[in-house]
Every structure is written in C-alpha cells, then in structure tokens.
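Student: Hey, got a minute to walk me through this one? I've never looked at it before.
Tutor: Sure, let's pull it up and start with a small piece.

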Amino acid sequence: MTDVAELNTRFGIPGALTFSEYAGVGFAEVTAAHGRATIALQGAQVIAWAPDGEKPVIWLSNDAKFVPGKSVRGGAPVCWPWFGTHASESGYPAHGYARTVPWRVTRAGPLIDGRVRLAFELIENDITRRQWPHASPVELHVTVSNTLELELVTRNAGKKPLTLTEALHTYFAVGDVRKVKVNGLDGAEYLDKVGAAQRRQQIGPVLFTGETDRVYVNTEAECIIDDAEWQRRIHITKSGSHSTVVWNPWIDKAKKMGDMGEDGYLGMVCVESANTAENAVTLAPGAEHRLSVGYRVAK
Ligand code: BG6
C-alpha cells in the first residue's frame with residue numbers, strides 16, 4: 001500500500017505534482033511547464049506523457065491492467081537487471097523484476113526552467129535479493145516538460161564486478177504503425193528474434209509489415225519515428241546505451257497477449273534504448289552506469 005497522503009505532504013507541489021492511488025498502485029501526476037506526465041510508483045513506470053497541445057506520445061494499452069506485482073502493457077517499463085529471458089533461470093521474470101516492484105520517491109521538485117524532476121529508487125525485497133544477489137542500488141530520474149528525459153542509474157556497491165543487461169522499453173503512440181518509418185538504424189547489425197534467430201543488417205529505415213522483434217547492437221544513434229498518419233516525428237536521443245530494440249507484436253501475437261487492446265498493435269511501436277547481448281554492462285566495484293534518453297516531438 002502506498003501512503004499517498006505522506007507523499008503529497010513530502011513532495012506534492014500544488015498545480016505541478018500530486019500523488020494518487022488506484023487499485024493498490026500509487027501514481028504521480030506531473031504538470032510541468034509545456035508538458036504533462038503520469039508515473040506509476042510500481043516500476044517507476046511512466047505511463048503517459050505529452051507536450052501541451054500534443055496527442056499522447058507514450059502509448060498505454062486500453063486493456064492495460066494495474067495489478068500489484070504484474071507488468072503493465074504500455075508506458076516506459078524499466079527492464080533491469082536483465083533484458084529478455086534470464087540467462088539461466090527460466091522461472092525468473094522476463095525483463096527482470098524492476099517493472100513489477102514498488103519504487104520509492106527520493107526527490108521531487110521543479111527546476112528553474114519549469115521542468116519537473118522526480119527521482120525514484122527501487123525497493124528491494126527477499127525475492128529480488130534471491131534473484132539478484134548483488135549490492136547494486138538503482139535509480140530512475142524522470143524529467144518532464146515538452147521533452148521527456150529518463151535516466152537509469154546503476155551503482156555497483158559490492159566488492160566484485162557485476163554484469164547486467166537493461167532497457168527503457170518505451171511504447172510510443174503512432175497514428176498507424178503500417179505508415180511508420182524508424183530512421184537512424186541504417187547499416188546497423190541486428191539480431192532478428194522473429195522465427196529462427198539470426199543476425200542481419202538494416203538497410204534503410206525500419207518499416208512494419210508484420211511481427212517485428214529486433215535487437216540492434218553497437219548503435220548509439222538517435223532514432224526518429226516518422227509518423228505519416230499523425231504527421232509528426234518523435235526524436236529519441238540517448239547516451240550510455242549501445243543497443244536499440246524495435247518491437248511490434250503484430251496481430252496474432254497481440255491477440256495471444258490478451259492485454260494489447262482491440263487493434264492496439266496498430267497504434268504503437270516500441271523503440272527501446274538498451275544494453276543487451278554483446279552490449280551488456282560490466283561495472284567494477286564502486287562504478288556507476290547511466291543510461292539516459294530524451295524524447296521530443298517535431299512536426
Ligand atoms: C521486447 C522483446 O523488448 O519486449 C520481445 O524483444 C517481447 O521479445 C517484448 O515480446 C514484450 O515483452 P513482455 O514481457 O512485456 O511481454
């Protein structure tokens with residue numbers, strides 16, 4: 001249970017930041033200069049963001065379920081401390097546990113330019129410590145305005161090196177994914193996860209004509225989602241991220257998932273800033289790693 005009253009007392013800013021609770025999950029509602037966002041305290045998961053006057057930029061399924069301990073379909077899930085299936089334990093949760101445990105608000109406030117920034121820290125429990133027996137505190141910093149900035153900060157507080165994989169698995173809202181191009185990955189090598197996994201090279205923009213599940217490696221490039229239907233471009237810049245995952249489940253897989261909503265797959269595309277496969281991050285004792293992204297909309 002989230003103590004919303006205490007959060008409002010400690011961090012609430014009239015007109016700019018309020019906390020609420022729905023079905024046992026806490027939410028932060030942020031109204032910054034030039035943009036608004038909603039963040040679930042479970043997973044520190046941004047579930048809505050748009051610049052003022054703009055359609056939603058972050059997609060949330062119409063059938064998204066908010067249940068403590070379950071992942072939420074849409075928003076910007078944090079995949080950590082592993083991306084995808086666990087390397088050796090098939091019973092461990094896909095994409096790690098960060099997206100299904102509560103995070104604590106540690107700092108929140110307006111910046112001088114009207115942006116609003118919140119800092120969250122993952123709350124460990126017996127299960128997370130068993131699945132990840134490493135001292136590695138992790139924070140997510142969320143900065144809201146007409147841009148959305150996310151920064152995932154991992155510190156190795158242990159005495160041995162540790163290796164992790166991670167992603168900011170953001171679902172972007174689009175008018176019609178069949179008319180979308182993702183630019184920025186031309187020439188990049190990717191692991192194609194549809195069918196028998198194989199390595200390929202991207203030629204030109206990424207287009208969507210069926211299930212798409214690709215891990216582009218060794219790329220720090222800016223990606224641009226060119227949305228012909230809504231006549232806008234979403235720019236995705238990043239640092240500390242060497243992989244980019246592009247995903248759309250398409251119709252059959254979406255039906256099986258059960259929480260994508262009617263034709264939901266047509267209105268979304270995931271462009272995930274990640275470190276996975278050969279881009280896994282190894283942290284020496286005492287070292288810190290930052291994966292940062294910035295999203296903005298251009299016409
Ligand atoms: C993507 C993976 O990042 O996430 C896909 O590359 C996966 O393979 C997708 O299907 C959604 O994962 P989940 O666990 O949220 O259903």
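**Hairpins, sheet and a buried leucine**

Tutor: Let's begin with a turn: strand 2 and strand 3 make a hairpin with 2 residues between them, and His 34 in that turn has a positive phi of about 75 degrees. Keep in mind that this is a predicted model.

Student: How many bridges hold strand 2 and strand 3 together?

Tutor: There are 6 bridges, and the two strands pair in the antiparallel sense. Strand 2 covers residues 25–32, while strand 3 covers residues 35–40. As one example of who faces whom, Thr 31 stands opposite Arg 36 in strand 3.

Student: What about the other neighbour, strand 4? How many bridges join strand 3 to that one?

Tutor: Strand 3 is joined to strand 4 (residues 45–51) by 6 bridges, and they run antiparallel. Across that pairing, Ala 37 stands opposite Trp 49. These two strands form a hairpin as well, with 4 residues between them, and Gly 43 takes a positive phi near 80 degrees there.

Student: Is strand 3 mostly covered or mostly open?

Tutor: Mostly covered: 5 of its 6 residues are buried.

Student: OK, zooming out. How many helices and strands are there in the chain?

Tutor: The protein chain has 3 helices and 23 strands. Its radius of gyration is 18 Å, close to the 19 Å that the globule rule gives for 299 residues, so the chain is as compact as a globular protein of that length.

Student: And how much of it is buried?

Tutor: 53% of the 299 residues count as buried. On contacts, take those between residues at least 6 apart in sequence: 63% of them join residues at least 24 apart.

Student: With that many strands, is there a sheet I should look at? What order do its strands come in?

Tutor: Try the open sheet of 9 strands, in the order 6-7-8-9-23-19-18-13-16, with antiparallel pairing. Strand 6 (103–110) and strand 16 (206–207) are at the edges with a single partner strand each, so one side of each has no neighbour in the sheet.

Student: What holds strands in a sheet together, generally?

Tutor: They pair through backbone hydrogen bonds, either parallel or antiparallel.

Student: Pick a strand from the middle of that order. Which strands does strand 8 pair with?

Tutor: Strand 8 (residues 138–144) is joined to strand 9 (residues 148–155) by 7 bridges, and strand 7 (residues 116–122) pairs with strand 8 over 6 bridges. Both pairings are antiparallel. Strand 8 and strand 9 also form a hairpin, with 3 residues between them.

Student: Which residues sit across from Val 144?

Tutor: Val 144 is the bridge partner of Val 116, and it stands opposite Leu 148 in strand 9. Further along strand 8, Leu 140 has Leu 152 as its bridge partner.

Student: How many residues of strand 8 are buried?

Tutor: 6 of its 7, which makes strand 8 mostly covered.

Student: New topic: Leu 168. Where is it, and is it buried or exposed?

Tutor: Leu 168 is in strand 11 (residues 166–168). Its relative accessible area is 0%, and buried means under 20%, so Leu 168 is buried.

Student: What does Leu 168 contact, leaving aside its neighbours within four places in sequence?

Tutor: Its contacts include Leu 140, which we just met in strand 8, and Leu 150. Among the others are Pro 77, Val 78, Val 271, Leu 291 and Tyr 295.

Technical notes. Residues numbered from 1 in each chain as written. Predicted model: local features only at pLDDT ≥ 70, side-chain atom pairs only at ≥ 80, totals over all residues. Heavy atoms only, no water. Rg over C-alpha atoms; globule rule 2.2 N^0.38 Å. Buried < 20%, exposed > 50% of the residue type's maximum accessible area, 1.4 Å probe, protein only. Contact = heavy atoms within 4.5 Å. Pairing = 2+ DSSP bridges.
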